[in-house]
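Please write a short report on this protein model. Cover the fold, the metal site, the pocket and any unusual backbone angles.

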Amino acid sequence: MARTKKNRLIQMAPNFNGFKPQGLHHKCSSQVLINFEEYEALKLCDYELYTQAEAATLMNVSRPTFTRIYESVRRKVAKAFIEGSQIVFDGGNVDVVRWYRCSECDISFTLTDELNQHCPLCKSKSITLNS
Ligand SMILES: [Zn+2]
C-alpha cells in the first residue's frame, strides 16, 4: 500500500515565481526547482533565524525530516548560484497556515482544530478567515 505523505505547514507561499541570473550571454537553460516546503525551511532558519528544532515544529514535521528538507534547499540554492541556473518555485506537499481574526477582541490567530472554531482568548465564535 502506498504511504501517504503528510502535508507540511507553511506560513505563506512566495509571492513571486523565482530568480534569474543576471549577465549571462548564453541562453540560460538550466533550472533548479525549489518547492514550497523547501522555501519555508530556508526562510525559517536563515531569514527568520529559528533553530531547526523550532522550524520543524512550525512546519509540523520531525526534526530529521526538517533537516533533510533544509539540506536539500541549501544545496539547490548553492547549485543555482554557482552554476548560474534559474530558480523556480513550484509545488510540494504543503498546507498554508490559515489566519483568523476575532471580531470581539481583534486578535489574529491560527486554529489547531479547524472543526472547533472559536477565539482562543475570549472563546467567541464570531471569527473570520483573513484573506
Ligand atoms: Zn476573541
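A residue counts as exposed when its relative accessible area is over 50%, as buried when that area is under 20%, and as partly exposed in between. Lys123 has a relative accessibility of 54%, so Lys123 counts as exposed. The model is predicted.

**Overall fold**

The protein chain has three helices and eight strands. Along the sequence they follow the pattern β-β-β-α-α-α-β-β-β-β-β. The chain has 131 residues, and 31% of them count as buried.

**Zinc site**

Four cysteines supply the protein donors of the zinc ion: Cys102, Cys105, Cys119 and Cys122. Each binds through its SG atom, and the donors lie 2.2 to 2.3 Å from the ion. The site is tetrahedral, with angles of 104 to 123° among the four donor atoms. Along the chain the donors are spaced C-x2-C-x13-C-x2-C. Cys102 sits in strand E6 (residues 99-102), while Cys122 is in the loop between strand E7 (108-110) and strand E8 (127-129), so this pair ties together parts that are 20 residues apart in sequence.

The two cysteines of that pair fall into separate accessibility classes. Cys102 has a relative accessible area of 0%, so Cys102 is buried. Cys122 reaches 36% and therefore counts as partly exposed.

How many disulfides does the structure hold? The count is zero. A disulfide is a covalent bond between the sulfur atoms of two cysteines. Another cysteine, Cys45, has a relative accessible area of 8%, so Cys45 is buried.

**The loop between E7 and E8**

Besides Cys122, this loop holds Leu121 and Lys123. Leu121 has 60% relative accessibility, so Leu121 counts as exposed. The C-alpha atoms of Leu121 and Glu104 are 9.8 Å apart, with their positions 17 residues apart along the chain.

Lys123 has a positive phi of about 70°, and Lys123 is not a glycine. Most residues other than glycine have a negative phi.

**A second positive phi**

Asn60 also departs from that pattern. Its phi is near 65°, a positive value in a residue other than glycine. Where does Asn60 lie? Asn60 is in the loop between helix H2 (52-59) and H3. The relative accessible area of Asn60 is 39%, so Asn60 is partly exposed.

**Second largest pocket**

The second largest pocket holds about 270 Å³ of space. Its lining has 13 residues, and the closest to the pocket centre are Phe19, Tyr39, Leu42, Val77 and Phe89. Three elements each give two or more residues to the lining: helix H1 (36-47), helix H3 (63-83) and strand E4 (86-89). H1 gives the largest share, five residues. Which classes make up the lining? Eleven residues are nonpolar, two are charged and none is polar.

**Pairs across the sequence**

Two further pairs can be used to check distances in the model. Ser108 lies in strand E7. With a relative accessible area of 33%, Ser108 is partly exposed. Ser108 and Pro120 are twelve residues apart in sequence, and their C-alpha atoms are 9.8 Å apart.

Leu33 is in strand E3 (residues 31-34). At 46% relative accessibility, Leu33 counts as partly exposed. Leu33 and Ser85 are 52 residues apart in sequence, yet their C-alpha atoms are separated by 10.0 Å.

**Accessibility at a glance**

The table collects the residues discussed above.

| Residue | Relative accessible area | Class |
|---|---|---|
| Cys102 | 0% | buried |
| Cys45 | 8% | buried |
| Ser108 | 33% | partly exposed |
| Cys122 | 36% | partly exposed |
| Asn60 | 39% | partly exposed |
| Leu33 | 46% | partly exposed |
| Lys123 | 54% | exposed |
| Leu121 | 60% | exposed |

Technical notes. Residues numbered from 1 in each chain as written. Predicted model: local features only at pLDDT ≥ 70, side-chain atom pairs only at ≥ 80, totals over all residues. Heavy atoms only, no water. 1 Å grid on protein atoms, 1.4 Å probe; cavity = no way out; pocket = protein on both sides within 12 Å on 5 of 7 lines; lining within 4 Å. Points joined across faces, edges and corners; volume = space filled by probe spheres on them. Helix = DSSP H or I, 4+ residues; strand = E, 2+ residues; numbered from the N terminus. Nonpolar A, V, L, I, M, F, W, Y, C, P; charged D, E, K, R; others polar. Disulfide = S-S within 2.5 Å. Buried < 20%, exposed > 50% of the residue type's maximum accessible area, 1.4 Å probe, protein only. Donors = N, O, S within 2.8 Å, 3.2 Å for Na, K, Ca; no water. Tetrahedral: all angles 85-135°; square planar, octahedral: opposite > 155°, others 65-115°.
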